Amino acid sequence: MLDDVEQAKDVMLGSRDRRVKMKGVLAFESSRRAKPMKNAPRCYGLNNMVQQPRNLESPPAPLKTRDNEHDWYQLNVNRYLAATTALNVAAWELQGPSDLLHACREYGKQVNSPRLGHRDNYYWASQQNNCARSQYIKKEKQLVEQMGHFGGPHEDDNDFTAGLSCGLCLSDLSDKPGCEPGRLHFLGVGCWVRLQYMAQIFFSGLLRHRGTSPLVPDEQPMEGWETRMLLISYPATKILTGEARRSFSSMPYQSAPLYITPEMTGAPASQQAKAMWTTHMTYAQDAWVGMEPLSLVNFMARSALQHLHFAFRQLPSSYGAQIDAGQFLKAFSLDVDGHRVSANPWELAPNSNVGQPFGERHKQVQDELLQKQFNHYLAGIPLVSHNKYHGWDMTAINHGARPKCTDDVDEDYDNEDEDKSKDNRKRKANTQDQIDTSKGPNKCGRYHIALQTEVEKRIENDYPMAQSLDSYRSLVTHAVTVKVTLTRWLLNLKGR
């Protein structure tokens with residue numbers, strides 16, 4: 001365990017030569033992802049943070065993952081936190097009050113607080129790395145210049161009253177005579193602790209405290225690599241108690257994420273009814289009108305499975321995460337005439353491998369339905385419909401010619417009146433069909449010509465059962481709703 005901590009620490013610090021060359025900047029600090037906390041130039045949040053104005057709990061922004069790719073900073077911060085948290089948990093469970101440890105574990109299980117760094121970490125919800133360079137004794141500057149608010153006298157007001165913070169000192173300082181590693185002063189009780197290498201300090205952040213810089217005697221040359229790195233693990237109240245909203249997973253198309261709210265994690269029972277009601281129509285509350293009880297439970301359970309599949313797909317692919325749909329659905333049941341009935345099995349549930357939720361069988365089912373829908377429209381819909389609102393010139397269809405958009409009608413709308421002025425032809429086109437063009441090219445315009453051409457190409461290549469392009473040309477003029485729905489289906493056939 002100690003070896004793991006030392007190895008992870010060495011990577012975060014970087015070599016001494018590198019620190020001298022970089023003028024004291026540590027390896028992890030030089031990453032573009034390392035973002036210091038506000039007004040604290042050398043303090044870095046490494047794990048969950050709470051945005052107080054929004055009451056929102058999430059990993060810090062520097063850890064954002066894109067396209068399932070992990071870089072040096074993410075991998076080594078993860079390694080560092082895993083090694084140090086395991087050491088902290090082991091020490092705290094060995095020395096901490098048994099009744100406090102039991103209470104923290106039980107409450108953490110109840111509200112499902114995130115276990116950061118180690119599976120048995122029910123005690124610390126956030127972690128912060130505080131860094132400081134050595135200074136000469138006579139030229140010592142206040143630690144505030146390096147650590148901002150955290151370097152001066154302060155209290156951590158958002159810490160849990162039933163928890164203690166843990167400071168783990170992982171420094172690389174000179175061991176020559178006269179060197180001082182710095183101290184952590186507890187001003188309210190009048191005591192201090194030397195921040196020696198590998199020192200673990202359990203304390204309440206609600207007590208007023210401050211730190212001092214590591215010091216070097218004035219007559220001793222400073223080599224430039226001397227650095228103190230103090231990892232603070234602290235019990236953020238709103239995370240441990242479930243009082244903050246949790247940013248659970250992404251929703252489609254970069255919309256707001258799905259939140260796990262305090263009402264879900266254990267709000268008082270008196271608040272549950274009010275918290276669950278909404279003015280919006282929902283399946284959970286309102287679909288009992290018109291659905292059988294078992295059908296509604298099946299729908300809700302399967303919808304939950306679909307959502308979890310989408311969320312689990314966002315986990316790192318290296319996890320190889322799976323969801324057993326059969327076991328999942330068995331967990332949902334209802335009372336039917338005094339008998340407990342489980343949700344029905346789902347033959348076409350998403351695959352257990354969340355990385356590939358839909359396979360060849362799902363694609364076959366989708367393709368079969370789309371083909372039948374297409375044939376149904378060809379066989380059952382009138383070939384010509386004189387709907388004056390969909391923006392097509394119907395006069396040419398009866399002669400087997402290509403439909404023309406009314407935007408182009410001034411060019412050849414009426415061959416018999418070629419001697420008339422251009423203004424007259426425009427007026428005739430605008431008054432005959434009274435077409436509404438106020439909503440842009442999606443109502444009528446060249447967009448439809450291009451769209452129809454693309455659809456025809458796909459039909460000709462992929463669906464010979466279309467019989468003839470002339471039939472299809474007439475088909476798309478049936479009505480606005482039919483045309484828009486059908487063309488959307490057809491344009492998506494290739495992708496499916």
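# A guided tour of the predicted model

Buried residues account for 41% of the protein's 496 residues. Please keep in mind throughout that this is a predicted model.

**The whole chain.** Start with everything shown as a cartoon. The secondary structure comes to 17 helices and 18 strands. If you switch on a surface, the protein exposes about 28,600 Å², with 52% of that supplied by carbon and sulfur atoms. For a sense of how the chain folds back on itself, take the contacts between residues at least 6 apart in sequence: 69% of them join residues at least 24 apart.

**Into the nonpolar cores.** Now select Phe28, Leu46, Tyr80 and Met229 and show their side chains. They belong to the largest nonpolar core, which has 20 residues, and these four touch the most other members. Which elements give two or more residues to this core? Colour α1 (2-13), α3 (72-95) and β12, and you have them. The largest share comes from α3, with six residues. Next, add Cys169, Ile201, Ala236 and Leu240 to your selection: they are part of a second, separate core of 14 residues.

**Along strand β12.** Stay with β12, which spans residues 227-234, and pick Ser233 within this strand. Is Ser233 buried or exposed? Ser233 is buried, with a relative accessible area of just 1%. To see what surrounds Ser233, display Asn88, Trp124, Ser126, Gln127, Ser165 and Cys166; these are the residues in contact with Ser233 once neighbours within four places in sequence are set aside.

**A set of paired strands.** Move on to strand β13, residues 245-249. Strand β3 (residues 56-58) runs parallel to β13, and two bridges join them. To find the register, select Leu56, which stands opposite Arg245 in β13. Strand β13 also pairs with strand β14 (residues 258-260), this time in the antiparallel sense and over three bridges. Here the residues to select are Ser249 and Leu258, the latter in β14, which stand opposite each other.

**Salt bridges.** Time to show the charged side chains. Side chains of opposite charge can pair when their charged atoms come close. In this model the count comes to 13 salt bridges. Three of them make good stops.

*Asp172 and Arg16.* Select this pair and zoom in: Asp172 forms a salt bridge with Arg16, and the closest N and O atoms are 2.8 Å apart. Asp172 sits in the loop between β6 (165-169) and β7 (183-186), while Arg16 belongs to helix α2 (residues 16-21), so the salt bridge ties together parts that are 156 residues apart in sequence. How accessible are the two partners? Asp172 has a relative accessible area of 12% and is buried, whereas Arg16, at 39% relative accessibility, counts as partly exposed. Add Arg19 to the view as well, as Arg16, Arg19 and Asp172 are linked in a network of salt bridges.

*Arg208 and Glu155.* The next pair to select is Arg208 with Glu155, a salt bridge whose closest N and O atoms are 2.7 Å apart. Arg208 lies in the loop between β9 (200-203) and β10 (209-211), and Glu155 in the loop between α5 (144-147) and β6, so this salt bridge ties together parts that are 53 residues apart in sequence. Arg208 is partly exposed, with a relative accessible area of 37%; Glu155 also counts as partly exposed, at 28% relative accessibility.

*Glu180 and Arg194.* For the third stop, select Glu180 and Arg194, which form a salt bridge with their closest N and O atoms 3.7 Å apart. This pair links distant parts of the chain: Glu180 is in the loop between β6 and β7, Arg194 is in strand β8 (residues 191-194), and 14 residues lie from one to the other in the numbering. Glu180 counts as buried at 18% relative accessibility, while Arg194, with a relative accessible area of 31%, is partly exposed.

**A last stop on helix α4.** Finish by selecting helix α4, residues 98-111, where you will find Glu106. Glu106 counts as partly exposed, at 39% relative accessibility. How far are the C-alpha atoms of Glu106 and Tyr122 separated? Draw a distance line between them: these C-alpha atoms are separated by 8.8 Å, and the two residues are 16 residues apart along the chain.

Key. Residues are numbered from 1 along each chain as its sequence is written. This is a predicted model: local features need pLDDT of at least 70, side-chain atom pairs count only at pLDDT 80 or more; totals for chains, interfaces and linings use all residues. Side-chain values use heavy atoms; hydrogens and water are left out. A salt bridge is a side-chain nitrogen of Lys or Arg within 4 Å of a carboxyl oxygen of Asp or Glu. Helices (H or I, at least four residues) and strands (E, at least two) are DSSP runs, numbered from the N terminus. Buried means under 20% relative accessible area, exposed over 50%, partly exposed in between (1.4 Å probe, protein chains only). Contact means heavy atoms within 4.5 Å. Accessible areas come from the Shrake-Rupley method with a 1.4 Å probe; for residues, only the protein chains shown count as cover. Two strands pair if DSSP finds at least two bridges between them. A nonpolar core is a set of buried Ala, Val, Leu, Ile, Met, Phe, Trp, Tyr and Cys residues joined through side-chain atoms within 4.5 Å.
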